[in-house]
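User: I would like to go through this model and test each label against its cut-off. Please keep the answers brief.

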Amino acid sequence: MEEYAREPCPWRIVDDCGGAFTMGVIGGGVFQAIKGFRNAPVGIRHRLRGSVSAVRIRAPQIGGSFAVWGGLFSTIDCGLVRLRGKEDPWNSITSGALTGAVLAARSGPLAMVGSAMMGGILLALIEGVGILLTRYTAQQFRNAPLFLEDPSQMPSKEGAPAPGYPSYQQYH
């Protein structure tokens with residue numbers, strides 16, 4: 001199972017790292033804007049200033065955390081692709097588990113196991129939903145009518161069917 005929308009492996013790490021940073025900055029910015037607005041003193045001017053201040057301080061930090069996660073995940077994923085010689089959902093699930101374990105290494109072995117399980121389960125759910133959606137959408141188009149694009153398969157202007165097709169009179 002090959003994904004054609006993704007970059008090849010060495011460049012995928014940079015691509016995923018940048019994408020994760022962007023998602024972290026945007027999502028963290030929205031969250032911090034709301035949090036800063038709610039925690040600021042009363043008055044619209046104070047609340048807006050608190051919102052902007054919270055976004056300016058915390059959004060880059062959240063984006064950086066996301067970038068570290070995305071970069072490590074992609075690095076492990078590319079390593080597994082290289083090691084196993086194939087690209088399948090098991091690489092992503094294993095990469096999620098190993099990323100969780102590596103990022104929790106400073107908290108001890110118990111935290112590593114818990115984070116590895118959470119990372120693996122989370123990626124298994126994401127991969128499972130992706131597979132189900134792919135199968136569901138493929139089933140929708142399985143019984144779709146065939147559209148003829150080739151002009152040689154179209155009926156001729158005199159009303160005679162193209163070779164291999166039944167005539168109009170057979171059905172009426």
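**Labels and cut-offs**

Analyst: Asparagine 91 is in contact with Asp77, Leu80, Val81, Arg84 and Lys86, leaving aside its neighbours within four places in sequence. Contact means heavy atoms within 4.5 Å. The model is predicted, so local features need pLDDT of at least 70 and side-chain atom pairs 80 or more, while totals for chains, interfaces and linings use all residues. Residues are numbered from 1 along each chain as its sequence is written, and side-chain values use heavy atoms, without hydrogens or water.

User: Why does asparagine 91 count as buried?

Analyst: Buried means under 20% relative accessible area, exposed means over 50%, and partly exposed lies in between (1.4 Å probe, protein chains only). Asparagine 91 has 1% relative accessibility, so it counts as buried. This residue is found in helix α3. Its C-alpha is 8.6 Å from that of isoleucine 76, with the two positions 15 residues apart in sequence.

User: What makes α3 a helix, and how many helices and strands are there?

Analyst: Helices are DSSP runs of H or I with at least four residues, strands are runs of E with at least two, and numbering starts at the N terminus. The chain has four helices and zero strands. Along the sequence, the pattern reads α-α-α-α.

User: What makes the pair of aspartate 77 and arginine 12 a salt bridge?

Analyst: The label needs a side-chain nitrogen of Lys or Arg within 4 Å of a carboxyl oxygen of Asp or Glu. In the pair of aspartate 77 and arginine 12, the closest N and O atoms are 3.4 Å apart. That is within the cut-off, so the label holds. Aspartate 77 lies in α2 and arginine 12 in α1, so the pair ties together parts 65 residues apart in sequence. Both residues are buried.

User: Which other residue forms a salt bridge with arginine 12?

Analyst: Glutamate 87 does, with its closest N and O atoms 3.1 Å apart. This pair links distant parts of the chain: glutamate 87 sits in the loop between α2 and α3, arginine 12 in α1, 75 residues apart. Glutamate 87 and arginine 12 are both buried. Arg12, Asp77 and Glu87 are linked in a network of salt bridges.

User: How many salt bridges does the structure hold?

Analyst: It holds three. One of them joins the side chains of aspartate 88 and arginine 84, at 2.7 Å from N to O.

User: Are aspartate 88 and arginine 84 buried or partly exposed?

Analyst: Aspartate 88 has 17% relative accessibility, so it counts as buried. Arginine 84 has 35%, so it is partly exposed.

User: Why is glycine 63 called buried?

Analyst: Its relative accessible area is 0%, so the label fits. Glycine 63 lies in helix α2. Not counting residues up to four places away in sequence, it touches Ala20, Phe21, Gly24 and Val25. The C-alpha atoms of glycine 63 and methionine 23 are 7.0 Å apart, though 40 residues separate them along the chain.

User: How do you know that the span of α4 is close to the expected one?

Analyst: The expected span is 1.5 Å times one less than the number of residues. Helix α4 has 32 residues, and 46 Å is expected. From first to last C-alpha, α4 reaches 46 Å. Helix α1 (residues 9-39) has 31 residues and reaches 43 Å, close to the expected 45 Å.

User: What do the buried residues of α4 pack against?

Analyst: They pack against α2 (44-84) and α3 (89-103). The buried residues are Ala116, Gly119, Gly120, Leu123 and Glu127.

User: Why is methionine 117 called exposed, and what patch does it help make?

Analyst: Methionine 117 has a relative accessible area of 53%, so it is exposed. It is found in α4 (residues 109-140). A patch takes residues with over 30% relative accessible area and no salt bridge, joining like charges within 9 Å and nonpolar side chains (Val, Leu, Ile, Met, Phe, Trp, Tyr) within 5 Å. Val113, Met117, Ile121 and Leu125 make a nonpolar surface patch of about 410 Å². Areas come from the Shrake-Rupley method with a 1.4 Å probe; for residues, only the protein chains shown count as cover. An α-helix has 3.6 residues a turn, so residues three or four places apart point the same way.

User: Which residues does the "transmembrane region" annotation cover?

Analyst: The unreviewed UniProt entry gives residues 110-133. UniProt positions use the numbering here, feature names are shortened, and annotations may be inferred rather than shown by experiment. In the model, residues 110-133 are 100% helix and 0% strand, with end C-alpha atoms 35 Å apart.
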